[in-house]
Amino acid sequence: MHARNRTIPIAASSTHNPALEYMTTKKDEFVGWARKFSLFPYPFVTACCAMEFMAVSSTPYDTDRFGAALPRFSPRQSDLLMVVGTVTHKQAPILRKVYEQMCEPKWVMAFGACATSGGFYQNYAAVAGIDRIVPVDVYVPGCPPRPETVIDAIMQLQDRIARQPHPIVTRDF
Ligand code: SF4
């Protein structure tokens, strides 16, 4: 074989460190577990879905079981933006600003048909889904959604949080 055609083996990466990888995986599991049970919702409430938000926050549904009961009314102290109700184009910049003021990591829930897709408001004033303004992690269907549906969405979000990487300690640390 001509020397030019020979493949040259690539040397193993000198930065590969199994112990560090193991610790990073365990750290992700631990931080994910802690974060999924310490959600602080910021309710961005605009319309009639608010009644259902109040219902899901009430004692019979007990969202405290999921570590997601305590609403914060400052975006800087929240990590779950719950957009509850219709969002108009006039409100869109406000919603974006609230999202940007939240610290990382943060998640977004579209609560109800209006937040998800504009609902039945097919007009010039309503935004046809908040994912045109902010990234959405979980959508809750229904007009309004039942509290059980909201709880299901919280649990789905918690699963996602538990599985995602949580880069706190890096190789450069
Ligand atoms: S989804 Fe239905 S209940 Fe919720 S804000 Fe829209 S119209 Fe109101």
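1. Overall burial. Of the protein's 173 residues, 38% count as buried. The model is predicted. About 10700 Å² of the protein is exposed, and carbon and sulfur atoms supply 59% of that area.

2. Fold order. The protein has five helices and four strands. Along the sequence they follow the pattern α-β-α-β-α-β-α-β-α. Contacts are often long in sequence: of those between residues at least 6 apart, 80% join residues at least 24 apart.

3. Strand β2. Start the inspection at residues 80-84. Five of the five residues of this strand are buried, so β2 is largely enclosed by the rest of the structure. Both faces are covered. Leu80, Met82 and Val84 lie on one side, Leu81 and Val83 on the other, and all are buried.

4. Neighbours of β2. Strand β1 (residues 41-45) pairs with β2 in the parallel sense, over five bridges. Strand β3 (residues 107-111) also pairs with β2 in the parallel sense, again over five bridges. Leu80 serves as a reference point in both pairings: it is the bridge partner of Pro41 and of Trp107 in β3.

5. Crossover handedness. Please check this one by eye. From β2 through helix α3 (residues 92-101) to β3, the β-α-β unit is right-handed. Now take the other side of β2. β1 and β2 pair in the parallel sense, and the chain crosses between them through helix α2 (residues 49-56) in a left-handed β-α-β crossover.

6. Ligand shell. Which residues are around the ligand? They are Ala47, Cys48, Cys49, Gly85, Thr86, Ala113, Cys114, Phe120, Gly142, Cys143 and Pro144. By class, the shell has eight nonpolar residues, three polar residues and no charged residues.

7. Cis peptide bonds. Most peptide bonds are trans. Two bonds in this model deserve a look. Cys143 and Pro144 are joined by a cis bond with omega about -10°. Both residues belong to the ligand shell. Pro144 sits in the loop between β4 (138-140) and α5 (147-163). The bond from Glu104 to Pro105 is also cis, with omega near -10°. Pro105 is in the loop between α3 and β3.

8. Backbone at Asp62. Most residues other than glycine have a negative phi. Asp62 has a positive phi, near 45°. Where is Asp62 found? Its place is the loop between α2 and β2. Asp62 is partly exposed, at a relative accessible area of 33%.

Methods:
Residues are numbered from 1 along each chain as its sequence is written. This is a predicted model: local features need pLDDT of at least 70, side-chain atom pairs count only at pLDDT 80 or more; totals for chains, interfaces and linings use all residues. Side-chain values use heavy atoms; hydrogens and water are left out. A residue is near a molecule or strand if one of its heavy atoms lies within 4 Å of it. Ala, Val, Leu, Ile, Met, Phe, Trp, Tyr, Cys and Pro count as nonpolar, Asp, Glu, Lys and Arg as charged, and the others, Gly among them, as polar. Buried means under 20% relative accessible area, exposed over 50%, partly exposed in between (1.4 Å probe, protein chains only). Helices (H or I, at least four residues) and strands (E, at least two) are DSSP runs, numbered from the N terminus. Two strands pair if DSSP finds at least two bridges between them. A crossover is right-handed if, with the strands pointing away from the viewer, the path from the first strand over the helix to the second runs clockwise. Contact means heavy atoms within 4.5 Å. Accessible areas come from the Shrake-Rupley method with a 1.4 Å probe; for residues, only the protein chains shown count as cover.
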